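Visitor: I have a model open in my viewer and would like to learn how to read it. Could you walk me through some features, one at a time?

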Amino acid sequence: MQTSMIKLIRLTVTGRDTLELMFSDGAAAQWSAASLIARDTVMTRPLTDPAYFARAFIEGGALAWPNGFELSADALHQKLNSVGALIRHAA
């Protein structure tokens, strides 16, 4: 069991629906929001606009957008790790 929760410490917009995410444990990954955006919900619909998508920010260690939509850094980390997308940098 983890003793501390994973947090996002940096994000960089790298495309119309992609971000580079850096986590508090030193791991990083490219993350595509394409499948999330494809769900076409009230909260994800604004993300179809690349200018709005690029307004992503970190709030309390989570990935967030101005409309209140948030994704847990821990959940993102687990999902990216499960598909082998995390790159771990030497400390």
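**A guided reading**

Guide: Gladly. Not counting residues up to four places away in sequence, Leu-11 touches Leu-19, Glu-20, Leu-21, Ala-56, Phe-57, Ile-58 and Leu-63. Please keep in mind that this is a predicted model.

Visitor: Where does Leu-11 sit?

Guide: Leu-11 belongs to strand β1. Its C-alpha atom is 6.2 Å from that of Met-22, although the two residues are 11 apart along the chain.

Visitor: What comes after β1, and where is Thr-14?

Guide: Thr-14 is in the loop between β1 and β2. Thr-14 counts as partly exposed because its relative accessibility is 39%, and partly exposed covers the range between under 20% and over 50%.

Visitor: Which residues farther along the sequence are in contact with Thr-14?

Guide: Leaving aside neighbours within four places, they are Leu-19, Glu-20 and Gln-30. Gln-30 deserves a second look: its side chain and that of Thr-14 are joined by a polar contact of 2.9 Å. These two residues are 16 apart along the chain, with their C-alpha atoms separated by 8.2 Å.

Visitor: Now for empty space. How do I read a pocket?

Guide: Here is the general idea. Rolling a probe the size of a water molecule over the atoms shows where empty space is left. In this model, the largest pocket holds about 190 Å³ of space.

Visitor: Which residues line the largest pocket?

Guide: The lining is made up of Trp-31, Ser-32, Ser-35, Leu-36, Arg-39, Leu-71, Ser-72, Ala-75, Leu-76 and Lys-79. By class, five are nonpolar, three polar and two charged.

Visitor: Which elements supply at least two residues each to that lining?

Guide: They are β3 (27-32), α1 (34-38) and α3 (73-82). The largest share, three residues, comes from α3.

Visitor: Let me look at two of the lining residues, then. Is Leu-36 buried or exposed?

Guide: Leu-36, in helix α1, is buried, because its relative accessible area is 10% and buried means under 20%. Beyond its neighbours within four places in sequence, Leu-36 is in contact with Trp-31, Thr-44, Phe-69 and Leu-71. Leu-47 is 11 residues away from Leu-36 in sequence, and the C-alpha atoms of the two are 9.1 Å apart.

Visitor: And what about Leu-71?

Guide: Leu-71 is in strand β6 and is buried too, with a relative accessible area of 17%. Setting aside residues up to four places away in sequence, Leu-71 touches Trp-31, Leu-36, Ala-62, Leu-63, Trp-65 and Leu-76. By contrast, a distance of 16 Å separates the C-alpha atoms of Leu-71 and Asn-81, which are 10 residues apart along the chain.

Visitor: How should I read a helix such as α3? Which of its residues are buried?

Guide: A good way is to ask which way its residues face. In α3, the buried residues are Ala-73, Asp-74, Leu-76, His-77 and Leu-80. They lie on the same side of α3 because they cover an arc of only 160 degrees around the axis. On the other side of α3, Lys-79 and Ser-82 are exposed.

Visitor: What do the buried residues of α3 pack against?

Guide: They pack against β1 (8-13), β2 (18-23), β3, β5 (62-64), β6 (70-71) and β7 (87-88). Take His-77 as an example: it is buried, with a relative accessible area of 7%. Leaving out neighbours within four places in sequence, His-77 is in contact with Ile-6, Phe-23, Asp-25, Ala-27, Leu-86 and Arg-88.

Visitor: What caps the N-terminal end of α3?

Guide: That is Ser-72, with a side-chain oxygen 3.2 Å from the backbone nitrogen of Asp-74. Just after α3, Gly-84 takes a positive phi of about 70 degrees.

Visitor: How do I read a positive phi?

Guide: Most residues other than glycine have a negative phi. Asp-40 is one to look up here: it is not a glycine, yet has a positive phi of about 55 degrees.

Visitor: Where is Asp-40?

Guide: Asp-40 lies in the loop between α1 and α2 (50-53). Its relative accessible area is 44%, so Asp-40 is partly exposed.

Technical notes. Residues are numbered from 1 along each chain as its sequence is written. This is a predicted model: local features need pLDDT of at least 70, side-chain atom pairs count only at pLDDT 80 or more; totals for chains, interfaces and linings use all residues. Side-chain values use heavy atoms; hydrogens and water are left out. On a 1 Å grid over the protein atoms alone, a cavity is a set of points where a 1.4 Å probe fits but cannot get out, and a pocket is an open set with protein on both sides within 12 Å along at least five of seven lines; lining residues have an atom within 4 Å of a point. Grid points are joined across faces, edges and corners, and a volume is the space filled by probe spheres set on the points. Helices (H or I, at least four residues) and strands (E, at least two) are DSSP runs, numbered from the N terminus. Ala, Val, Leu, Ile, Met, Phe, Trp, Tyr, Cys and Pro count as nonpolar, Asp, Glu, Lys and Arg as charged, and the others, Gly among them, as polar. Buried means under 20% relative accessible area, exposed over 50%, partly exposed in between (1.4 Å probe, protein chains only). The arc is that of the directions from the helix axis to the C-beta atoms. Contact means heavy atoms within 4.5 Å. A polar contact is a pair of N or O atoms within 3.5 Å; within protein, one must be able to donate a hydrogen and the other to accept it, and residues adjacent in sequence count only if both atoms are side-chain atoms.
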